[in-house]
Structures are given as structure tokens and as C-alpha cells.
Amino acid sequence: MPNGNKRSPFLASEDWWSVYLGLFLVLLTYFAFKAGSSLDFLKAAMPVEWPTKSLGAHFAANIGAYIAMYFILLVLTTIAVAVMGGKVGNYIASFTVLFIASLIILIIGSQHTIKHYGLEYPFWSLVIGLIIGNFTTLPEWFQEGAKRTEFFIKTGIVLLGAGLPFTVIVSGGVWGFLEAICIVAIGFTVAFTIARRLGYDPRFAAVLGAGGSVCGVSAAIAVGSSVKAEEKHVGYVVSLVVLYALVLIFLLPVLGRLFGLNEYVTGAWIGGSELADAAGLAAAAMVSDNAVKAFTLVKLNRDVMIGVLSFIFATLAVTRWEVAASGERPSAMVIWERFPKFVLAFLVASFITTSWVVSLGKPAVDAHISANLTTIRTWLFVLAFLCIGLNTKIQDIRAMGRKPIIAFTTVVLVNVIVGFIVANLFFGGIIAAPLH
């Protein structure tokens, strides 16, 4: 990313721009709603499940929403790229291609059978990106957009925070929080320890632990950014997250029925074990609506850990790992400079929407604010996952060898076992009274 010789870090950093854009979108949806002209039309910029619904009729009725989504994302991100010193013409052209490709991916992931089995946009984004990136030569002008992976995902993570108001978590009681703490603490410790024993850099070990124990792709990228991990290592972990998430979609509901678990326990088990939100939701939906409620409660609490772990490992990277390498102890300002600012914006967005839930009520916030932000976030995540695939080289994955797979597989197994135990402990008594 071109920073320029004298450009302020407040203007040259993707980290800061993800904060600006993320919080701007959060506030925009709120003030539009309060002014009586909400952005609810943006919710229509998502393909319907077809062929159960008419895809043609959907696009005929909502083409304006897709055009609006394109221009909103294009204008906001182009402003950021221009100020950061990027090539604006190349970015506009490459973003347009990425947006069209993302639309195709969303259409594929919305097909009824494909969606039923959890093969939604994260899978197709990575697969299509990997195929294009490894079997074609991308033109130089296209790289201006394709290299903006972290910019897209960081802005999306800020919007993810807006979808996690603390009132929702608190209203579900302490059980989901306790299960999430157990899963993250044990899973991360196991992953980090094994990766270090296998001889890997602590940065890579941190990314492995985050991807396997917290929130899959988002956590891997957030922690990877906070510790300055290599981009190819983050891409490798993201690929493993998607692969194992697909396996668990089918495995966990089957095991829940085999073990005779009630729907709440099964949902909580999925919430503590699945690696991706979309995959976990698909797995829980195969069980029941009550399983979805339990899954959501546990997974939301795991998602909140993104900010906590990013802060912890940013501090460790600066004060321990880099000190060991250079012998120089950094100042507090260095720690602040290295800390991922978008993680703070993630927490700020959560606090903001928490206050709106209290003042406006959850139904109003869900319908007119959170739903719009979720649609925008989905588009940003599709763009980010597609760029990850485009920039991940198969030969780099092969070069990693089997050791990271062993480490990641171990943490997945540990999560499944620990998740089974704590789900039974915390949710086993919930039979008649549904979760709220």
C-alpha cells in the first residue's frame, strides 16, 4: 500500500480508513432511519433463494438496490484509496470487476440445494478466487483492487461489531458467555502450544489459534493484522477454516442425533465448535429453530472475543516477540501504532448499537439498522474472501507442509470435545423454556 513520504498515518492507513468507513456506515444507517428515510432498500441487494423463488423477478424488482450498493461501496472505498495514494482509475476498474464477480458468487451461494448444505459465499469466494488466481495471470491494473483484502475485511469487521449489541448477549444469560470463554481459552492455548512445539513463529501460531477457536476468518485476519503475520499464513489459515467449517456442517447435527442430545445442547455445541458464522447457522438450522437460538447465543459471545485477543496479541507481539528479535524495548506509542484500530471501532460500533437497542428497541434496530449493515457487511466479506483466494497461491500452501494441518486439526478436535462437554453442562437443563 503506498503511504507517501509525508502522508499522515491517519490518512495513509487502511486500518484507520476501515474505522472511518465502518463507523460512517453505522451512523449513516441510524440517522437515515431517524430522519424518516431509512436505507432499508439496501436489504434487497441480496439474491433470493432460487429456484424456490424467482431470481429474475427479484432482480427486475430490485436492480436499483444493487446499483445503489455498488455506488455506495465504490464511492466510499475510492475516496479512501485516493487519499491513501492508490491509483484511482485502476481501482475503479478492478473494483467493478470484483463487484460483478461477487454478485455471481452470491447468486451461486443462494441456490436452494447449495445453500441447504452450507456451501455459501465464503466457500465459493475462496474456490473461485483460488482458481482464477492460480490458473490465470492477473493484469497489473487489477491488483489495485485485488490487494485490498484487509481493507474490505477490516471495514466488515467494524460492521460485525454493530451486529453484536451487548444487550443481546446479556439477555441470553451467562451460559453462552461461559461456554465461549471455555472454548476460546482452551482451544487457543492448545493451538498456540502445538504450533510453537512444531517450530512455527508465534505470529503464525496466533493466527492458527484465532482461526480455530474464535471466529474463523474474521478472527484470523484481525489477530494476523495485530501481530503483523505474513499474508500467506493468514490466507492458509482462512483456507483451513473454510474446509473444516464445511465438514462440521454435516458432522455436528449427525452426532447430535446419534448421541440423543436435545436441540438446545446440539445448538450450543455447534456454536462452540463451528468455525464460521454462516456454516454454523446452516448446521443449527438442520436441527431446529431452538438449536439456532442456542447456536447464536454461544457464537455471538465467541465473536466478541475478537477484540480482546487482538489487543492481547498486539501487545505481546510488540513487547515480547519483537523485543526478543531486536533486543530493543518499544515505547507505549509503538504499541498504540501497532494496535489494530479497527478492533477498537468494532467495540465502539457494538456500544453504539447497544445504546440504540436500549432507546429504540431491538425490533426497530434489527429491522432498520442491523439488517442494512448486515447486507453491506456481507458484500464486503465476499469481496475480501474473493481477494484472499486471488492472492493465495497453491504452491505456498503446499510449501507449508503437514504440520500446520496437524495443529489446526488438533484444535478443531479439541473444540468439538470441549464444546460437547460444556454444552451439556450449561445447556443440558434447558428443555421446556426456550431461549430469548
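**Entry 1, a helix pair.** I began with two helices and noted that helix 11 passes helix 13 in a right-handed crossing, bearing in mind throughout that this is a predicted model. For the geometry I looked up helix 11 (residues 202–213) and helix 13 (residues 231–258), which pack at an angle of about 25° with their axes 10 Å apart. Because angles under 35 degrees count as roughly parallel, I recorded helix 11 as roughly parallel to helix 13.

**Entry 2, the residues between them.** I then listed who meets whom: from helix 11 come F204, V207, L208 and G211, and on the side of helix 13 they meet H233, V234, Y236, V237 and V241. Sorting the residues of this contact by character, I found seven nonpolar, two polar and no charged.

**Entry 3, the core.** Next I turned to the largest nonpolar core, which has 143 residues, and wrote down L73, F95, V214, W379 and F408 as those with the most contacts inside it. The largest share of this core, 15 residues, comes from helix 19, which spans residues 362–391. I followed V214 further and, leaving aside its neighbours within four places in sequence, found it in contact with V184, F188, G209, A219, K299, R302, M305, I306 and L309.

**Entry 4, a residue in helix 3.** Last I looked up I63, whose place is in helix 3 (residues 55–83). I entered I63 as partly exposed, because its relative accessibility is 46%. I also checked I63 against F192: the two are 129 residues apart in sequence and 47 Å apart in space, taken from C-alpha to C-alpha.

Key:
Residues numbered from 1 in each chain as written. Predicted model: local features only at pLDDT ≥ 70, side-chain atom pairs only at ≥ 80, totals over all residues. Heavy atoms only, no water. Core = buried A, V, L, I, M, F, W, Y, C linked by side-chain atoms within 4.5 Å. Buried < 20%, exposed > 50% of the residue type's maximum accessible area, 1.4 Å probe, protein only. Contact = heavy atoms within 4.5 Å. Axes fitted to C-alpha atoms, helices over the stretch in contact; angles between N-to-C directions. Parallel < 35°, antiparallel > 145°, perpendicular 65-115°, else oblique. Left-handed = near helix turned anticlockwise from the far one by under 90°. Nonpolar A, V, L, I, M, F, W, Y, C, P; charged D, E, K, R; others polar.
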